[in-house]
Each structure stands twice: as C-alpha cells, then as structure tokens.
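Hi there,

Here is the structure I promised to pass on. Have a look at it first, then read my notes below.

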Amino acid sequence: MRALVLSSVVCAAALGVAQAQTAATNELTSAEAKGLRTNAGADLRIRQEIMNNLPGTPGDPYAMTPAVRAKYRNQIRFRPRVWFEAAEGPFRLYTRIADEFRHFPALDGTRHSRSYYFPDEVILDNLYLDGKGLEADVFKAVGIEKVDFRVGRQDMIDRGHSIIGLDRIMFDGTPMDGSRSTYSDMVRTTLHFDEDKSLDIFALYDSGRNDAAVGTSRSRDRSLNCINMTDTSGLDEWGGGIVYNQQALDGKLPFKLYSIFKQETAHTTRRPAVRDVPEKDITTVGVWMEPRLSDHWSLELEGAKQFGRIHDGNRQAGGYMWYTELKYQPEFLKAYKPVLSWATTYYSGDSHCTGENDNDTSWNPMWARCPQDSEMLVYGTLYANGWWSNMIYTKAKLTMNFGPHHALYAYSGPMFAAAQDDLGTTDGDGSSYKGVLSAIRYDFPIWLAPKGAKGLDRFEIFSHVMFEAFNPGDYYESSRPAYFVRWEFVFKF
C-alpha cells in the first residue's frame, strides 16, 4: 500500500508540472515558441516476475544459483520516474529521477517470509545536455556537414537498442537488476560527413561509488558497474572508442568499423572466492554489417577481436566474438512485418577460468552486462556473472510488428560452452552442452495517445507478457527445467 501511495504522489506531482507547462505553452505565440521550450512527464512501471530453478555458473557459490535454484521466487516491482527538459534552438537539457521499490519472498527465509524495500532507492539516472545538427564553417572546412553531441549521465539504450548500434558491445548501466535503469556517465559526439557516412566518438566513466542515489543499505551496495551482487564498490571503469558508420552500395550494405578501449581498476570480488582482481586493459576491434541480399533476404554479421593485459605479471587478456543471422521477410502477413531468422552467437571462453595466474581468453563484453537473449539469465547469470561469455547459442526466431507498442517475438535453440572451463559437468565427462533456451514475448497497447498530443492528452498505457524456459544440459549439476514468467503494465505521459 505504501508503494502505491508513493507512486501516486510521484505521478501526481509530475502531472501537475506537465499541466502547468502545457497551459503555458499553449499561450505562446509562434514567435515565442522558437525561444525556450520546456516539457515534463512521468511514467510508472509495474511488473510481476515469477521464476524457479534459474541456471547459473556451476561450482560458483556466489552466482546466486544455490539460493535462487532452491526456492520458487515471486516478486512485484514498482518503478516510477519523473523527467523534465528545457530546449532552445538545437540545444536541450534533460534530467530524470527514478525510484524502485519491491515486494518479494526473502531468499534466506521460509516461503511465507516476505522482504519489503520501501523505497529501495531513488537515483538520478539522467542529466545531460545535447545538441543536434550543429553547423559551422570550421566544420565544413574539414568535410563535416553537421555535428551532434550529448554530455552527462544518459541512457545506453534507445528503443531497445544500443545508442551507437552495437548491442553486443555497448549495453550497460545497473547490471543484475533489469528493473531499474540502464545508464552511464558519458560524452559522445557524431560527426556527419554526408547522408551516408558518419563517425561516433565517445568516452565514458562508470564509478563503483554512485553518489547520485539515496536508499537502503542494499541499494547503496549496488554500484553503477558491479559485476555481481557480492562485489565491493572498488571497481571503476573508464574508456572510449570510435565507430565509423557508412551506408555503402546505395544503402544495401550498411556497416560499422569500431575500436573501443576499456580499463578496469583493481578491485575485490567473491567469484569464485574472496580474492583481489588486478587492473585490466582491454581493446576491442570489430566490424558489423547488414548486407541486404534482396527484397526478402538479408544478413547480419559481426566479428570482433580483443587484446589487452592484466596488470599482474603482465598476463595477456582478450577473446573473440562473432554473430551471424540470416533473415527472411516473407510476403504473407506483410502488413505486420514478419521476420524469420536463424542466428548463431559465439563468445570465447577460458579453459583455466578458475586459475589466478593464467592468461584470460574469455570474451569481455566491454560494458554489455545484460544478457542479450534472456531476462531469466539476468537473475541466474552465466559464466562471468551478469554477462554472457564462453557460449555458443544457435536459435530460430520469429518477430512481428503490428504497430506502436504492439509486437511479438519468439525464439528457441541449443546452447553450448565454447571451452571446457573447469566449471561445467555433473559426472566428470566435461560436457559442453548447456541446454535449450526458449522464449516468447507479446507486447500490446491498452491506450495510446493521438499524434501530436500534449500534456495530459499524452497519457498512454501499454503492457507485455513473456515466458522463458531453459532445459539444462549436462553442463549443469541440475537437470530440473527452469522457467521465468513476467507481466508488466506501463502508465506514461
């Protein structure tokens, strides 16, 4: 009840701000409207998640697996957010505050025991300044038509994808907790050479001490970039990179070339035991492309190589990643944009991952700490806790898009370990078969705002339901199937 009261107060306050702003905006003349423009809004997300027997990293007592696998878990989460923006000309200042509180059974108590976090935390998850389409003679003198930039704390995801279009590289924020937010402290700029060629340049810093948050001791322990829930707050990360984008062959061959550097500072972890982790440098170079073979067939290809060193005896670090997806857009139900595809993802592993003095050959997904194909595995985690590594996953997939907030996707396929890592197996045979992962999700609108709506007329309600199942293979010590179910409602204006 307290959670509902707080969320109502937050949304009511934002509604009042939006009403006042809308009334003021309506009184502006067209000339005045070209000056300072302000806007505000809010949303409230309510979701319930039910899960059982989640897969984790075998042999790792800190992968959440023993606690979660032993019990059925059922939790309800509330996440209200309020935002405000002010814009003038090509510049915009945007800020957002998010909260979350939840209700779920205590993992270390009986099934009837309940844990309440109210509020769990309040975080400043966005505060940035951006500029769009900036032009100047000095830019044009070096072949740059226009420049975009954004500096400050900002989302790493835009409409379900990475802000620079590299989902398997740039996807971070608050790992181990998919219900909160996904953001980073970052500066980035895009140099547009023409309509077909551009260059993204960015730098970011993620501190293990997030001072822009207020909450319980549990929330304060969850840093911006923790690898798992048992890490200390000593891990800081910084880095940057460049991404070249081009629409070649009249748009039939879009591609990206990228080089990204990251440094992880020395910190303490409890995976697989309490130990000090030395500083590490990693550089990733790669290429992404999506050749369009015909009106119905296309490919998505990505390959990357990492190299670096661990500052402890100058040991080497670095792995490999590649992704292949063949897509087919059939004629039937063309209005709903169906896409059938077959995809394979490969992340290299480390056959000596439990050793402390060996080279590290597993894929380090830079800031990509949310598993790309599974909500379930955000909670269960895999190889490196909170991201995917040491994995070969092949899946068949169907997606359909019926309209705004109205879509369907489903996929299923087997998963294998890329390397014998001294963790998997139940009977000593060193099996690399992890199991079959399947999922289906349906998004649907309940109430949508008309185009051009302002103020309270922007009010919308949309929802989704999803189901995931994982049938473990011999890699795991348990053969019991795992499942994850979620429903969600979003109220937004």
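Phe91, Leu93, Leu127, Leu129, Val151 and Val187 together make a nonpolar patch of about 470 Å² on the surface. Keep in mind that this is a predicted model. Two strands, β3 (91-105) and β4 (114-134), supply at least two of the patch residues each.

Take leucine 127, which sits in strand β4. Is leucine 127 buried, partly exposed or exposed? Its relative accessible area is 41%, and because buried means under 20% and exposed over 50%, leucine 127 counts as partly exposed.

Now compare that with arginine 45, over in strand β1 (residues 37-52). The relative accessible area of arginine 45 is just 13%, so it falls under the 20% cut-off and is buried. Here's something fun to look for in the viewer: arginine 45 and isoleucine 461 are 416 residues apart along the chain, yet their C-alpha atoms are separated by 9.9 Å.

Further along, have a look at strands β20 (residues 391-403) and β21 (residues 406-416). They pair in the antiparallel sense, with 9 bridges. One of the bridge partnerships links alanine 396 to serine 412 in β21. The two strands form a hairpin with 2 residues between them, and histidine 405 in that turn has a positive phi of about 60 degrees.

What does β21 pair with next? Strand β22 (residues 433-447) runs antiparallel to β21, and 10 bridges join them. Methionine 415, for example, has glycine 435 in β22 as its bridge partner.

Cheers!

Conventions. Residues numbered from 1 in each chain as written. Predicted model: local features only at pLDDT ≥ 70, side-chain atom pairs only at ≥ 80, totals over all residues. Heavy atoms only, no water. Patch = residues over 30% accessible without salt bridge, like charges linked within 9 Å, V, L, I, M, F, W, Y side chains within 5 Å. Areas by Shrake-Rupley, 256 points an atom, 1.4 Å probe, with all protein chains shown as cover. Salt bridge = Lys/Arg side-chain N within 4 Å of Asp/Glu carboxyl O. Helix = DSSP H or I, 4+ residues; strand = E, 2+ residues; numbered from the N terminus. Buried < 20%, exposed > 50% of the residue type's maximum accessible area, 1.4 Å probe, protein only. Pairing = 2+ DSSP bridges.
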